[in-house]
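Q: I am new to this structure and would like a close look at one part of it, the strands and how they pair. Please take me through that part carefully.

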Amino acid sequence: ANSGGEYDVVVVGGGPGGYVAAIKSAQLGLRTACVEKRGALGGTCLNVGCIPSKALLHSSYLYEEAQHVLPAHGVKIDGVVRVDLAGMMKQKEQSVAMLTKGVESLFKKNKVDYVRGCGTLTGKNSVQVTDGSTMQLSAKHIILATGSAPTEMPTLPFDEQRVVSSTGALALASVPPTMAVVGGGYIGLEMGSVWRRLGSDVTVVEFADRIVPAMDHELGDRLLRILKKQKMKFMLGTKVTGAQIPPRGAKGKVRLEVEPAGGAGGKKDTIEADVVLVATGRRPYTDHLGLEAVGVQTDARGFITINERLQTSVPNIYAIGDVVRGAMLAHKASDEGSLCAERIAGHEGHLNYDCIPGVVYTHPEVATVGKTEEQLKEAGVAYNKGVFPFLANSRARTNDAGGDYTEGFVKLLADKHTDRLLGMHVIGPNAGEMIAEGVLAMEYGASSEDIARTTHAHPTLSEALREAALATFDKPIHI
Ligand code: FAD
């Protein structure tokens with residue numbers, strides 16, 4: 001194999017974990033290369049995850065808005081509002097292309113070498129890159145950032161046409177009349193929302209008795225109610241036990257056999273759907289990485305094992321992002337990337353795993369940070385709770401038409417003795433932007449009184465946060 005150069009840091013994987021680790025390493029003066037095999041930078045997030053899903057969520061919401069919301073605001077559209085799916089997909093592809101190219105220019109600007117091909121560990125200081133030919137890179141430090149892949153169900157293998165993963169669901173050629181979504185997590189609900197808005201009759205089948213089970217229950221219950229009102233259907237506490245898939249090219253629907261999740265003996269049922277999206281989870285992706293050859297250990301579920309300094313069982317090899325424990329989120333991967341680079345460069349760095357926000361980009365959005373009420377109860381922590389509904393927020397009332405601006409609420413949880421903020425949970429318009437204030441407050445160890453005594457611009461949605469803070473230890477003004 002050719003020698004491809006000597007580096008301080010070689011990053012394997014160019015997703016939000018890997019590309020941020022590479023840029024930060026270079027900024028800190030380390031000679032850096034990033035190996036990526038998909039032919040574009042940005043990983044799952046930019047190519048088949050966060051970005052294309054948000055493009056379709058935004059475009060499909062505009063369609064819904066044009067049909068149902070604009071007329072109520074005195075904006076009349078003469079003629080028919082219809083979907084040009086090819087146009088919508090083109091807009092999605094353009095935003096993806098622009099952003100992935102953007103990462104490439106950031107590499108150039110920061111002098112990161114972008115090495116195209118599949119990276120395999122061949123020693124504790126060497127990575128072999130295969131892309132037609134092979135090449136060896138030598139590295140003082142290696143960062144593994146190979147991400148994750150959708151999990152397949154044995155009864156429902158992906159053909160990406162009728163049985164699709166999230167990747168297929170981002171690129172359907174036509175709007176399926178009916179769609180079944182297996183898995184009521186955020187990916188299933190976001191993609192289900194897209195196709196429901198574009199005209200599909202969507203049924204979500206979820207094993208647990210609630211959607212997004214880890215979410216604060218009060219929020220999960222409200223989200224379920226709102227999505228049902230939007231005509232999404234749900235079969236909760238239900239498992240898929242079998243499937244009949246017509247042969248490729250043949251007409252006909254996929255038949256799913258379902259039964260109650262709670263053990264044998266329940267009533268069996270079948271559902272038929274033109275397209276089935278399987279969104280039951282993602283697995284760490286370490287194929288072709290050669291972990292065994294160098295002795296990098298993984299846990300029982302296949303995640304690369306790391307210590308609190310992000311080091312694997314081989315100390316100069318680090319791992320970050322979806323391929324290690326913790327939330328499978330782009331910003332968690334990126335922050336681990338920065339932290340890892342800083343530590344390699346001899347700095348301390350900082351990442352507070354208790355303050356990683358999570359957002360579900362349905363309409364309205366759901367955003368959370370910190371502990372849920374259920375977690376506090378379970379841990380026996382005494383807390384005060386403040387809730388404020390958007391129904392009593394002037395900006396939400398002004399923007400609203402049809403309800404989904406005002407159906408949500410802000411919920412704050414604070415320590416009963418110290419008033420320190422322990423959790424913020426929002427279901428409502430722009431919740432994903434609003435959560436940043438709670439994340440910052442928690443990072444700085446703020447109390448709910450600190451938030452309540454901070455001036456918030458009027459009229460804004462963020463006033464609902466301040467009122468929820470007031471409600472935590474005192475009385476809100478507007479309700
Ligand atoms: P990845 O982004 O998976 O990147 C890993 C990269 O490594 C890939 O490009 C892969 O090709 C490459 N690679 C793997 N093995 C090798 C090898 N041996 N050699 C060379 N290259 C290799 N997260 C959010 O925070 N917000 C969202 O809104 C959001 N929406 C999502 C929507 C969908 C539909 C999906 C599927 C995911 C979404 N996520 C979202 C999750 C987010 O995409 C991931 O958490 C994030 O991409 C993880 O980053 P990563 O760098 O660890 O891995």
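A: What follows begins with the model itself and then goes through the strands and, after them, the ligand.

This is a predicted model, in which local features need a pLDDT of at least 70 and side-chain atom pairs count only at pLDDT 80 or more, while totals for chains, interfaces and linings use all residues. Residues are numbered from 1 along each chain as its sequence is written. The pLDDT, the predictor's confidence in each residue on a scale from 0 to 100, averages 96 over the protein chain, and 99% of the residues score at least 70. The model scores ipTM 0.99 and pTM 0.97.

Strands here are DSSP runs of E with at least two residues, helices are runs of H or I with at least four, and both are numbered from the N terminus. Two strands count as paired if DSSP finds at least two bridges between them.

Strand β19 covers residues 365-370, and 6 of its 6 residues are buried, where buried means that 20 or more other C-beta atoms lie within 10 Å of a residue's own, exposed means 12 or fewer, and partly exposed lies in between, with C-beta atoms placed from the backbone. Strand β18 (residues 358-360) pairs with β19 in the antiparallel sense over 3 bridges, and a hairpin of 4 residues joins the two strands. Within this pair, Val-360 stands opposite Val-366 of β19. β19 also pairs with strand β22 (residues 421-428), again antiparallel, over 6 bridges, and there Val-369 faces Met-424 of β22.

Elsewhere, an open sheet of 3 strands has the order β12-β13-β14 with antiparallel pairing. Its edge strands, each pairing on one side only, are β12 (238-244) and β14 (269-273). Strand β13 (residues 254-260) is joined to β14 by 5 bridges, and Val-258 has Asp-269 in β14 as its bridge partner.

Gly-281 lies in the loop between β15 (275-278) and β16 (282-284), and Gly-281 counts as exposed because it has 12 C-beta neighbours inside 10 Å.

Turning to the ligand, 37 residues surround it, the closest being Gly-13, Gly-15, Gly-43, Gly-147 and Gly-321; a residue is near a molecule if its C-beta atom, placed from the backbone, lies within 6 Å of it. Among the elements that give two or more residues to this shell are the strands β2 (32-36) and β4 (118-123).
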